Number of protein chains: 2
Amino acid sequence: MAEEWIKVKIADLFDVVVKVFKELGVPEEDAGIIADVLIAADRRGISSHGVARLRRYVNGIKQGVMMAKTEITYVKETPVSLVVDGGGGMGQVVAYRTMEKCIKKARENFICLATIRNSNHYGIAGYYSMMALKEGLIGISMTNAAPLVIPTFGKDAVLGTNPISVAVPAKEERPYVLDMATSTVPRGKLEVYNRMGKKIPLMWATDENGIPTDDPARVLKNLLERRGGGLLPLGGAEELTGGHKGYGLALLVDIFSGVFSSGAWGTDVYGKKGQPANVCHFLGAISPEAFVGLEEISSNMDNIIRMLKNAPKAPGKDRIYIHGEKEFEKEEENTEEVPLYYKVYQDIKEICSDLGLEFKL
Amino acid sequence: MAEEWIKVKIADLFDVVVKVFKELGVPEEDAGIIADVLIAADRRGISSHGVARLRRYVNGIKQGVMMAKTEITYVKETPVSLVVDGGGGMGQVVAYRTMEKCIKKARENFICLATIRNSNHYGIAGYYSMMALKEGLIGISMTNAAPLVIPTFGKDAVLGTNPISVAVPAKEERPYVLDMATSTVPRGKLEVYNRMGKKIPLMWATDENGIPTDDPARVLKNLLERRGGGLLPLGGAEELTGGHKGYGLALLVDIFSGVFSSGAWGTDVYGKKGQPANVCHFLGAISPEAFVGLEEISSNMDNIIRMLKNAPKAPGKDRIYIHGEKEFEKEEENTEEVPLYYKVYQDIKEICSDLGLEFKL
């Protein structure tokens, strides 16, 4: 396995990614934002959402379904909220700029919640919730996505994996950063199992007839060809195991993102090939001063985190994790370099060659 | 089964419950609020959270761990937020009054989020999120609870079943009312299986050694005697099935309720017998006018609800439900009368007799 991963310098990778986007007409500053979001995922060990996705963004821009120049419109603004139209631009840029504005407004008015339509895939949800952390604020980030998830008692995928991220600052401990797909697993996990020739647990997905299956290849093929079946919500296929709750959370994200912005939801996200995807997000920043204040909240956070970490462990387990902890540890490992899967490395090389760009990694 | 349930007039049940609380020193208006919250649960088919709990509230007041007279203090107030101290009063009254204030503030300033400490068990979370619906607003309600849930890789119960409720108005369709414990199931479900002598699925709970078990009696005994083990978060014991996500949501609720209010969290909720429980809540009201407005949002909601309900069904299923739908149908069945389990009926009779009150049901 080890030789299948190639370590590259983060600074070099950043330069390459920026060069690719600039070549495609993305303004330099925006290209820097996209590169930072993608590489942050690789650094945090979420390689499925990192530069591995470069090809999809490149294709999106080339096919005209993503606008290289992101033009954001503030459709509505109150002291504590925003309705944003992303103009079909780059999801990372839309979300980054909106979160910047949310942070500014939350500093002035304690809270800002933003619903965003007409955007694109924005990378890891946690990037934007964590932007708030740097300012001592609480961050919220959600997005709808391509329909891959079946509702409880349904046969076909009509909802996205719709992730939820919430970040809360601590004092001496690492912050709490929840960043979870509302499906049991995201599609990338099935791809990994498929690559390894492994069967998947029955709580992950259903076949084209709507029956839980252990065959990842079959599910991936069905999703690609829209033949029915798909990923199961958190909790699986049955109410008995709480599947209706995962479904309810996926729907919640679609409501906050697509419904509140009058954007798109369900099967209308990525509804037509060659047309803008109309991905919708929901972002929020909340000042701790709206509640008991940063000093108390961050010290309470230390306390609850320590209570959890010091709790008795299950047999064979030596550690209870806080959400975000594993990713922070990865990030601290990957300060100068980041590992790329060899196929991803090759793919970036090819993208550069196609665009006539020098490839130095 | 049928004869085990006794139908009673809602108006009579309301009078009895109000009389009981008045006798214990609860002001008449407050007694009416508590009765309405409890009976709403019975009407909606959530009998575990209905008048079946009357005994616990009666004992709480008698033992002095719940204050009959609820004195609420607004510790902090901004235009869009509140920090509330419930003074150890009745949870329903604390939450009802706070939500009333949230609604008023959301009407004026678009959003109001409230974190509440030093309260008690408040009944069904959905009651308060639905208060916002009546005003054409979006409602949020969460609460921490007695430690019954184990964190992923933990052995003992250190978090509550910490429910999340979010309510969003629709136009012609019924509103979306998510109201879910963040554990796979609440404790009441184990009690039902135990009564019926049935085994429970392995995703529900662990034994005193932290191993998933199918024996509900063992889990209930362990929880009562704090011998270890407990309920599993939504997603079960393993990361493979997403258990860390349910755990993350339970933690989220504890942070918003206990940490943001500097109240209590984890094992400090119901931390000492005979002492105030220090249950903490989080409530919110958001005006649709913060986003694209009620007219558009409620009609978008009709659209997404119909998309889901019309989606193809899994084999053997003829209906896809929206969250809250089953409960609304029950509520519409139970307009004049509500069914009480015979043991609950007997228990209320006994409570009245102990207090020297006339029992007419």
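1. Let's start with the first two helices of chain B. In this predicted model, helix α1 (residues 10-23) of chain B packs against helix α2 (residues 28-43) of chain B at an angle of about 135°, and their axes are 8 Å apart. Axes here are lines fitted to C-alpha atoms, for helices over the stretch in contact, and angles run from 0 to 180 degrees between N-to-C directions. Helices (H or I, at least four residues) and strands (E, at least two) are DSSP runs, numbered from the N terminus. The angle therefore makes α1(B) oblique to α2(B); angles under 35 degrees count as roughly parallel, over 145 as roughly antiparallel, 65 to 115 as roughly perpendicular and the rest as oblique.

2. Which residues meet between these two helices? On the α1(B) side they are I10(B), L13(B), F14(B), V17(B), V18(B), F21(B) and K22(B), and on the α2(B) side E28(B), A31(B), G32(B), I34(B), A35(B), L38(B) and I39(B). Contact means that the C-beta atoms, placed from the backbone, lie within 7 Å. By class, this contact has eleven nonpolar residues, one polar and two charged (Ala, Val, Leu, Ile, Met, Phe, Trp, Tyr, Cys and Pro count as nonpolar, Asp, Glu, Lys and Arg as charged, and the others, Gly among them, as polar).

3. Now to the domains of chain A. Domain 1 covers 7-184 + 232-292 + 328-354, and domain 2 covers 185-231; the bounds come from an automatic or database domain assignment. Their C-alpha centres lie 23 Å apart. Each domain of chain A gives 14 residues to the contact.

4. How are the two chains related? A rotation of 180° with 0.0 Å of shift along its axis places chain A on chain B, with an RMSD of 0.0 Å, so the copies are related as by a two-fold rotation axis. The fit is by least squares on the C-alpha atoms of residues with pLDDT of at least 70 in both. In chain A, G235(A) comes closest to the rotation axis, at 2.6 Å (C-alpha).

5. Finally, the interface between the chains takes 63 residues from chain A and 63 residues from chain B. The elements of chain A that each supply at least two residues include β4 (111-119), α8 (243-259) and α9 (294-309). The side of chain A that touches chain B has 37 nonpolar, 18 polar and eight charged residues.

6. A note on reading all this: residues are numbered from 1 along each chain as its sequence is written, and chains are lettered from A and ligands numbered from 1 in the order in which they are written. As the model is predicted, local features need pLDDT of at least 70 and side-chain atom pairs count only at pLDDT 80 or more, while totals for chains, interfaces and linings use all residues.
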